[in-house]
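Hi,

Here is the structure I promised to pass on. Have a look at it first, and then read on for my notes.

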Amino acid sequence: MRKTLMAAGLVALAPAAQSAPLIDVYAGAYTWNASLSGTIASGNDDIDMKDDLGYGRERQNVLYFGLEHVVPMVPNVRLKHMVMSDSSRNTIERSFQFGGGTFVITDEVQSEFDLDMTDLTLYYTPLDNVVKLDVGLNVRRVDADFRMRSGGDDGRETAKETFPMLHLAARGNLPFSGLYAGAEINAIRYDGSRVEDYTVKAGWVSDFLLGVELGYSQFNVELDDVSGLDTDLEFGGPYLALSLTF
């Protein structure tokens, strides 16, 4: 539903952007081939996502669009939606508890997770020529849902949290070619929790709106007793994106 609304918003904005030469609208979508490592807990047992639950690498989906303009003191804006989810079935080799459920050695545990994240980035561009520099604030809403089942026992934990993060991005453009390379970071740490992501990328933008981008992204989320849930998770892997610039 959110993807549909974002796509509809892009379609609605495109004619306005084309008729307003001082406004740039851009959008993109990509599949991120991310590997997962780290632990989750809802008590004293740290459960390893790989060794205990059998998770590995899975494709995740990302969609974004943004608007840049020349109005002084008013920030540029970007919306980004990331859906990270997967499921696994694994025979566990030790006993642990999670979300009110007890899972014992040799149980076959069916697990699944959803990390639904929406970013609102407000940023300024103090430098924009051969090198483009963006500085601002990224407000990220994280909705986390982890579930486990084995036989008649079930465990589940959910958490919702909003993180204001520092946003920094730099991009170097090769004149008259459409080629570019860049990097981006969003990060915050406080009260034992941290959320941070890093991206390096290279791409090409054609004269006909369409562009392509290849990059590597790393996302880390550590929650310290947020709604009873503890996480120390890392997602990382390459991605290939298609983009439009109006």
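I'll start with one residue, Gln110: at 15% relative accessibility it counts as buried, because the cut-off for that is under 20%. Please keep in mind throughout that this is a predicted model.

Gln110 is found in strand 7, which covers residues 108–128. Its side chain makes a polar contact with the side chain of Arg89, at 3.0 Å. Leaving aside neighbours within four places in sequence, Gln110 is in contact with Ser87, Ser88 and Arg89, and also with Arg147, Met148 and Arg149.

Met148 is worth following from there. Not counting residues up to four places away in sequence, Met148 touches Gln110 and Ser111, along with Ile40, Ile47, Leu53, Phe96, Phe98, Phe103 and Val109, and also Asp153, Asp154 and Gly155. Met148 also belongs to the largest nonpolar core, which has 41 residues; Met148 is listed with Met49, Phe146 and Phe235 as having the most contacts inside that core. Strand 1 (residues 24–41) gives the most to this core, with 6 residues. As background, nonpolar side chains in soluble globular proteins tend to be buried together.

Now for the overall picture. The chain has 1 helix and 13 strands, and the order from the N terminus on is α-β-β-β-β-β-β-β-β-β-β-β-β-β. The C-alpha trace spans about 65 × 30 × 30 Å along its principal axes. Of the 246 residues in the chain, 42% are buried. If you take the contacts between residues at least 6 apart in sequence, 63% of them join residues at least 24 apart.

Next, the empty space. There are 3 cavities of 30 Å³ or more. The largest holds about 80 Å³ of space, and strand 1, strand 4 (76–91), strand 11 and strand 12 are the elements that give two or more residues to its lining. The residues around this largest cavity are Tyr30, Trp32, Val62, Lys80, Met82, Arg140, Asp197, Thr199, Ser217 and Phe219. By class, that lining has 5 nonpolar, 2 polar and 3 charged residues.

The second largest cavity has about 40 Å³ of space. Its lining consists of Ala34, Ser35, Leu36, Tyr55, Gly56, Glu58, Gln60, Asp86, Phe113 and Phe235. Strand 1 gives the most here, with 3 residues, while strand 1 and strand 3 (57–68) each supply at least two. The split by class for the second largest cavity is 5 nonpolar, 3 polar and 2 charged. Phe235 turns up in this lining and also among the core residues with the most contacts.

Then there is the largest pocket, with about 1100 Å³ of space. It is lined by 42 residues, and Tyr26, Glu68, Lys132, Arg171 and Thr245 lie nearest its centre. Strand 9 (residues 153–173) provides the largest share of that lining, 5 residues. In terms of class, the pocket lining has 17 nonpolar, 13 polar and 12 charged residues.

Two more residues to look at while you have the model open.

Is Arg57 buried, exposed or partly exposed? With a relative accessible area of 46%, Arg57 is partly exposed, because that value falls between the 20% and 50% limits. Arg57 sits in strand 3, and its side chain reaches the backbone oxygen of Asn33 at 2.7 Å. Arg57 and Ala34 are 23 residues apart in sequence, with their C-alpha atoms 5.5 Å apart in space. Apart from neighbours within four places in sequence, the contacts of Arg57 are Asn33, Ala34, Ser35, Gly236, Gly237 and Pro238.

Ser206 lies in the loop between strand 11 (193–205) and strand 12 (210–226). Despite the loop position, Ser206 is buried, with a relative accessible area of 14%. What does the side chain of Ser206 reach at 2.8 Å? That would be the backbone oxygen of Leu210. A polar atom of the Ser206 side chain also lies 3.1 Å from the backbone nitrogen of Phe208.

That's it from me; over to you.

Cheers

Notes
Residues numbered from 1 in each chain as written. Predicted model: local features only at pLDDT ≥ 70, side-chain atom pairs only at ≥ 80, totals over all residues. Heavy atoms only, no water. Helix = DSSP H or I, 4+ residues; strand = E, 2+ residues; numbered from the N terminus. Buried < 20%, exposed > 50% of the residue type's maximum accessible area, 1.4 Å probe, protein only. Polar contact = N/O pair within 3.5 Å; in protein donor to acceptor, adjacent residues only side chain to side chain. Core = buried A, V, L, I, M, F, W, Y, C linked by side-chain atoms within 4.5 Å. Contact = heavy atoms within 4.5 Å. 1 Å grid on protein atoms, 1.4 Å probe; cavity = no way out; pocket = protein on both sides within 12 Å on 5 of 7 lines; lining within 4 Å. Points joined across faces, edges and corners; volume = space filled by probe spheres on them. Nonpolar A, V, L, I, M, F, W, Y, C, P; charged D, E, K, R; others polar.
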